[in-house]
Amino acid sequence: RNTVQYMIDDMQDEINAQKELLNKKDNELNAQKETIVEQEELLSKKDEEIEELKCQLARLQAEAT
């Protein structure tokens with residue numbers, strides 16, 4: 001009976017360790033997702049700036065001619 005209880009306790013410890021590892025991985029994934037969202041926002045802003053600068057350049061070229 002003690003052997004069975006030891007095996008159960010051992011398996012529970014292993015399950016708990018795996019749950020903890022999964023939680024850490026989930027936290028890492030969530031942090032990476034947040035970083036990706038932030039980078040996408042920055043890229044979007046940069047794209048808008050580029051389009052604005054293209055329009056300004058086109059106006060300046062039109063004024064110059």
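**Exercise 1. Work out how E20 and K24 sit relative to each other in helix α1, and what links them.**

Start with the spacing: E20 and K24 are four residues apart in helix α1, so about one helical turn separates them. Keep in mind that this is a predicted model. Next, check the side chains. The closest N and O atoms of E20 and K24 are 3.9 Å apart, and the cut-off for a salt bridge is within 4 Å. So the pair makes the cut, and E20 forms a salt bridge with K24. Last, look at the surface. E20 has a relative accessible area of 48%, so E20 is partly exposed. K24 comes in at 47% and is partly exposed too.

**Exercise 2. Find the partner of E51 in a salt bridge, then give the total count of such bridges.**

Go to E51 and look along the helix. The partner is K54, with 3.7 Å between the closest N and O atoms. Both E51 and K54 belong to helix α1, and they are three residues apart, or about one turn of the helix. Now for accessibility: partly exposed covers the range between 20% and 50%. E51, at 46%, falls in that range, so it counts as partly exposed. K54, at 48%, gets the partly exposed label as well. As for the total, the count comes to two salt bridges.

**Exercise 3. Which residues gather with D10 in a patch of negative charge, and where does D10 lie?**

First pick out the members: D9, D13 and E14 join D10 in a negatively charged patch on the surface. Then place D10 in the fold, where it lies in helix α1, residues 2-64. Finally, check how open D10 is. Its relative accessibility is 42%, so D10 counts as partly exposed.

Zoom out to the charges of the protein. There are 9 positive and 17 negative ones. Their mean positions are 1 Å apart.

**Exercise 4. Decide whether the protein is spread out or a compact globule.**

Begin with the secondary structure, which is one helix and zero strands. Now compare radii: the globule rule gives 11 Å for 65 residues, but the radius of gyration is 28 Å, well over that, so the protein is more spread out than a compact globule. The spans of the C-alpha trace along its principal axes are about 95 × 10 × 5 Å.

Then turn to burial. Buried means under 20% relative accessible area, and 0% of the 65 residues count as buried. To finish, take the surface: the protein exposes about 6500 Å², with 55% of that supplied by carbon and sulfur atoms.

Methods. Residues are numbered from 1 along each chain as its sequence is written. This is a predicted model: local features need pLDDT of at least 70, side-chain atom pairs count only at pLDDT 80 or more; totals for chains, interfaces and linings use all residues. Side-chain values use heavy atoms; hydrogens and water are left out. Helices (H or I, at least four residues) and strands (E, at least two) are DSSP runs, numbered from the N terminus. The radius of gyration is taken over C-alpha atoms; the globule rule is 2.2 Å times the number of residues to the power 0.38. Buried means under 20% relative accessible area, exposed over 50%, partly exposed in between (1.4 Å probe, protein chains only). Accessible areas come from the Shrake-Rupley method with a 1.4 Å probe; for residues, only the protein chains shown count as cover. Lys and Arg count as positive and Asp and Glu as negative; His and the chain ends are not counted. The place of a charge is taken as NZ of Lys, CZ of Arg, CG of Asp or CD of Glu. Patches are made of residues with over 30% relative accessible area and no salt bridge: like charges are joined within 9 Å, nonpolar side chains (Val, Leu, Ile, Met, Phe, Trp, Tyr) within 5 Å. A salt bridge is a side-chain nitrogen of Lys or Arg within 4 Å of a carboxyl oxygen of Asp or Glu.
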